[in-house]
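This report covers the strands, helices and one buried site of the model shown here. Please keep the sequence and the structure in view while reading.

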Amino acid sequence: MNDSTTRKTLSLKKKAPGAPTARAGADEEPRKRSGARARQAALREHAQQARPQAEAEAGAGAQAPAGTTRPTRTEAPAGTGSAPRRPAREAAADRPARSGTAGRSAPRPKSGAPARDRADRPAAGRPRPDGPRKPRADQPDARPPRRPVPDAPPSTSHGADGAPGPDASSADGPRIQRLPRTPRQPRRAETFEIFAPCPHGLEEALALELQALGYEAVRAGRAGCHFQADWSGVLRANLYSRLATRILVQVAHAEVRDEDDILALARDTEWERWFGPDQSLRVDTSAVRSPMRSLQYCNLRAKDGICDRLREREGARPDIDTVRPDARVHLFLDERHATLYLDVSGESLFKRGWRLDKGEAPLRENLAAGLLALSDWPPDAPLLDPFCGSGTLLIEAAWIALGVPPGIWRPFGFERLRAHDARLWRDLKEDARARIAPRLEQPLAGCDIHPGAIEAARANAERAHLSPDTIRFEVCDARRMPPPAPAGWIVTNPPYGERLADEDGDLWPEWASWLKRHYGGWQLNVITSDLDLPSRMRLKARRRHPLHNGALDCRLFQFELVAAGYRDKA
């Protein structure tokens, strides 16, 4: 290679516009260009030629006679009150420029596009010199056609001069359909099948109580009632039910043939939803006409299934506690089926939390409330218990008259479960306390011949948050007790059975004679296991209700004491 070779460099000199090229002669035509530069040059030349004509058309449009309109692409619907809208490109061509140049506007260039390309475009509405241009895919004119919206309501957005506002839809503008907002549907609460056991004979009264509390699908069964409720209803049933012994939530039900089916049913139940291995457990089993040979073995299989489930899911087995467990499970067996219940009450519901001094042969609180319900005692009527004992029946009556929920001051088993909602439970109790009446309007009175029983009754009333003047307790013989009001109800649990052996044998005739003399117009209701009581008192029972006081088969006898309607034969 010769290093002395001279290197030439190409240099371009700027020429004056309109000067002919060196290679073209005087009589030769200018060189024809092609490509992008040719299009840009054609656009500049066309813009210079179209500017005077656009100014002339703008002046002629201002002097157009009235009634002539320029054709537009779309017409506004009749009756909307808005003027027809013109295409955006024609409107931009007719607007005067802000810089003072007539007939041409200076649109703001978009970001990313050169300003000279915007200025070199031909005037709006004029044909291109090289024919119509095919739209490209990246240009706005090449976007796909809009999907028609069926039955779209006309826009009612207008400006101050009556023209459509920015939300009004047109053929060139965006079409926006405002759909009505659908309100969110509330999530349906889970509904549980519930069984509420009660003493025998109170099934119908419990069904009426549950219906009055607003529960659905209530049906009386054997020694209890079935109904449906959500979890808030489960809490309310524990708080307000006076007659139920427990509230049992059904968690599993299936047909079983042997003890292994009970094990499989307990293992397939989601116990981890309610309690875990860190909580103690107790399982109880009851049956009616079940073919299983050993209820104790059935109880063991159900307990093993629960513990196996928790060990598989959470790695440990719960401890067994038969005295004060954190979780209680009940297994009920009939001829063909097994049902597993979760006891959410804990201690029995008849334990209100105020009775510590029970006295001799105490009456359970839910049975006392059942006696008041079966006797049709209205809460605004006077009430007397001449054999009051520890005052259970009168304290229950005072709570009914004042509207005190029976579970307002006691703990429950559901408070130790995983699904417990402490805030919901607190709100329910606060609402219940706000409804308690301050005082009674009618007298409640009780007497007993034993001073120790009256002291226990007064102590129980104090623990039940009752003022000393709510119930009048006094030591007195029932055969000498004056009536506290002209008319009212007597509901009592007198001594019977073994207790009656130590009492005076003339108790019933003498007490009946006293009632006939001084209690005309009163309603008498007596629970006893002595089925010959009406004949001993020489009174005819208007009605009798079969009941069970513990293991004793009893009757609630109802008598109507009519003033001057009896002849004293005592």
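Two strands are said to pair if DSSP finds at least two bridges between them. The model is predicted.

## Antiparallel strands S12, S13 and S14

By that rule, strand S12 (residues 523-528) pairs with strand S14 (residues 552-560) in the antiparallel sense, over six bridges. In this pairing Asn-525 stands opposite Gln-558 in S14.

S14 also pairs with strand S13 (residues 543-549), again in the antiparallel sense, over seven bridges. Here His-548 is the residue opposite Asp-553 in S14. S13 and S14 form a hairpin with two residues between the strands, where Gly-550 takes a positive phi near 70°.

## The seven-stranded sheet

Seven strands make up an open sheet with mixed pairing, in the order S2-S3-S1-S4-S7-S6-S5. The edges are held by strand S2 (216-221) and strand S5 (281-287); each has a single partner strand, so one side of each is left without a neighbour in the sheet. From one strand to the next, the twist averages 30°.

S5 pairs with strand S6 (residues 327-333) in the parallel sense, over seven bridges. Within this pair, Ser-286 lies opposite Phe-332 in S6.

## Helix H5 on the strands

Helix H5 (residues 231-240) lies across three strands: S1 (192-197), S3 (224-229) and S4 (248-255). The helix runs at about 145° to S3.

## Helices H6 and H7

The axes of helix H6 (residues 259-267) and helix H7 (residues 295-314) come within 7 Å and cross at roughly 30°. The crossing of H6 with H7 is right-handed.

On the H6 side, the residues in contact are Glu-259, Asp-260, Ile-262, Leu-263, Ala-266 and Arg-267. The residues they meet in H7 include Tyr-297, Cys-298, Arg-301, Ala-302, Ile-306 and Arg-309. By class, the residues of the contact of H6 with H7 are seven nonpolar, one polar and eight charged.

## Thr-339 in strand S7

Is Thr-339, in strand S7 (residues 337-343), buried or exposed? Its relative accessibility is 6%. Buried means under 20% relative accessible area, so Thr-339 counts as buried.

What does the side chain of Thr-339 join through a polar contact? The partner is the side chain of His-253, at 2.7 Å. Leaving out residues up to four places away in sequence, Thr-339 touches Gln-250, Ala-252, His-253, His-330, Leu-331 and Phe-332. One of these, Phe-332, is the residue in S6 that stands opposite Ser-286.

Methods
Residues numbered from 1 in each chain as written. Predicted model: local features only at pLDDT ≥ 70, side-chain atom pairs only at ≥ 80, totals over all residues. Heavy atoms only, no water. Helix = DSSP H or I, 4+ residues; strand = E, 2+ residues; numbered from the N terminus. Axes fitted to C-alpha atoms, helices over the stretch in contact; angles between N-to-C directions. Contact = heavy atoms within 4.5 Å. Left-handed = near helix turned anticlockwise from the far one by under 90°. Nonpolar A, V, L, I, M, F, W, Y, C, P; charged D, E, K, R; others polar. Buried < 20%, exposed > 50% of the residue type's maximum accessible area, 1.4 Å probe, protein only. Polar contact = N/O pair within 3.5 Å; in protein donor to acceptor, adjacent residues only side chain to side chain.
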